[in-house]
Each structure stands twice: as C-alpha cells, then as structure tokens.
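Work through the following exercises with the model open in a viewer. Each task is followed by a solution in steps.

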Amino acid sequence: MSQLKKSKIYTSGLVLYNPEDTQFISSINLLMSLDIIVYVYDNSNSNIVKQQNKKLLDKYSSDKVILLSSPRGNIGLAAAFNSIAK
C-alpha cells in the first residue's frame with residue numbers, strides 16, 4: 001500500500017495601519033518565497049491609503065496574498081486578527 005504524502009499549507013497574517021512606507025512588501029515577498037500564503041488585513045483609516053495599499057498588493061497572485069479590510073476603518077488589532085483567522 002502506498003503512503004500518501006501529506007503536504008502542509010502554511011499561512012501568515014499581517015495587519016496594516018496607515019503604513020508610511022512599503023516595508024510590508026518586503027515581508028510579503030519573504031513569506032511568499034517560503035511558499036507561505038499571506039493574509040493582509042488593511043486596518044487603515046483613510047480610503048486613500050487603502051487604495052494605495054491595494055494597488056501595491058494587486059500585483060500578487062490572489063491565491064497567495066489575500067487582502068481583507070473593513071469599510072469602517074480601524075477595527076482594532078484583535079478584531080483584524082480574528083477576521084484573518086476566520
């Protein structure tokens with residue numbers, strides 16, 4: 001009887017809050033190089049900032065980087081991580 005090889009899928013969650021630079025892109029690139037799926041929760045207050053972040057993240061494959069956000073703006077760190085965990 002052959003053994004089925006079980007592959008593990010690793011995920012990571014990042015929460016953004018009005019980032020002033022694009023340092024988070026380096027973190028995403030590192031995680032993706034390790035074949036880790038990245039959930040990014042944009043907790044920014046400004047819709048302009050959210051649009052800029054979305055534009056930066058649109059270049060990534062949608063199945064490797066998943067962008068989440070709330071229309072209410074900053075919902076807090078715990079609520080953002082709970083949204084990622086769902």
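What percentage of the 86 residues in the protein is buried? Buried residues make up 28%, where buried means under 20% relative accessible area, exposed over 50%, and partly exposed in between (1.4 Å probe, protein chains only). Residues are numbered from 1 along each chain as its sequence is written, and side-chain values use heavy atoms, with hydrogens and water left out. This is a predicted model, in which local features need pLDDT of at least 70 and side-chain atom pairs count only at pLDDT 80 or more, while totals for chains, interfaces and linings use all residues.

**Exercise 1. Describe the overall layout.**

Step 1. Count the elements: the protein has three helices and three strands. Helices (H or I, at least four residues) and strands (E, at least two) are DSSP runs, numbered from the N terminus.

Step 2. Read off their order, which from the N terminus on is β-α-β-α-β-α.

Step 3. Take the extent of the C-alpha trace: along the principal axes of the protein it spans about 55 × 25 × 15 Å.

Step 4. Sort the contacts (heavy atoms within 4.5 Å) by sequence separation. Of those with a separation of 6 or more, 80% are between residues 24 or more positions apart.

Step 5. Compute the surface with the Shrake-Rupley method and a 1.4 Å probe; for residues, only the protein chains shown count as cover. The exposed area of the protein is about 6300 Å², and carbon and sulfur atoms supply 53% of it.

**Exercise 2. Work out the strand order and the pairing of the sheet.**

Step 1. Apply the pairing criterion: two strands pair if DSSP finds at least two bridges between them. Strands of a sheet pair through backbone hydrogen bonds, either parallel or antiparallel.

Step 2. The result is an open sheet of three strands in the order β1-β2-β3, with parallel pairing. Its edge strands, each pairing on one side only, are β1 (10–16) and β3 (65–69). Neighbouring strands are turned by 20 degrees against each other on average, direction ignored.

Step 3. Inspect one pair in detail. β1 and β2 (residues 36–42) run parallel and are joined by seven bridges. Among the facing positions, Y10 stands opposite I36 in β2, and V15 has Y41 in β2 as its bridge partner.

**Exercise 3. Place two of the helices against the strands.**

Step 1. Fix the convention: axes are lines fitted to C-alpha atoms, for helices over the stretch in contact, and angles run from 0 to 180 degrees between N-to-C directions.

Step 2. Helix α1 (residues 23–33) lies across β1, β2 and β3 and runs at about 155 degrees to β2.

Step 3. Helix α3 (residues 77–85) also lies across β1, β2 and β3, running at about 150 degrees to β1.

**Exercise 4. Classify V38, Y39 and G13 by accessibility, and list their contacts.**

Step 1. Begin with the strand that holds V38, which is β2. Six of the seven residues of β2 are buried.

Step 2. V38 is buried, with a relative accessible area of 0%. Leaving out residues up to four places away in sequence, V38 touches S12, L14, I28, L31, M32, K64, V65 and I66. Its C-alpha is 8.8 Å from that of Y10, at a sequence distance of 28 residues.

Step 3. Y39 also lies in β2 and is partly exposed, at a relative accessible area of 26%. Under the cut-off of residues up to four places away, its contacts include G13, I66, L68 and I84.

Step 4. G13 lies in strand β1 and is partly exposed as well, with a relative accessible area of 28%. Beyond residues up to four places away in sequence, G13 touches Y39, F81 and I84. The C-alpha atoms of G13 and Y41 are 7.5 Å apart, across 28 residues of sequence.

**Exercise 5. Examine the backbone of N18 and D35.**

Step 1. Recall the background: most residues other than glycine have a negative phi.

Step 2. N18, in the loop between β1 and α1, has a positive phi of about 45 degrees although it is not a glycine. N18 counts as partly exposed, at 24% relative accessibility.

Step 3. D35, in the loop between α1 and β2, has a positive phi near 60 degrees. D35 counts as exposed, at 52% relative accessibility.
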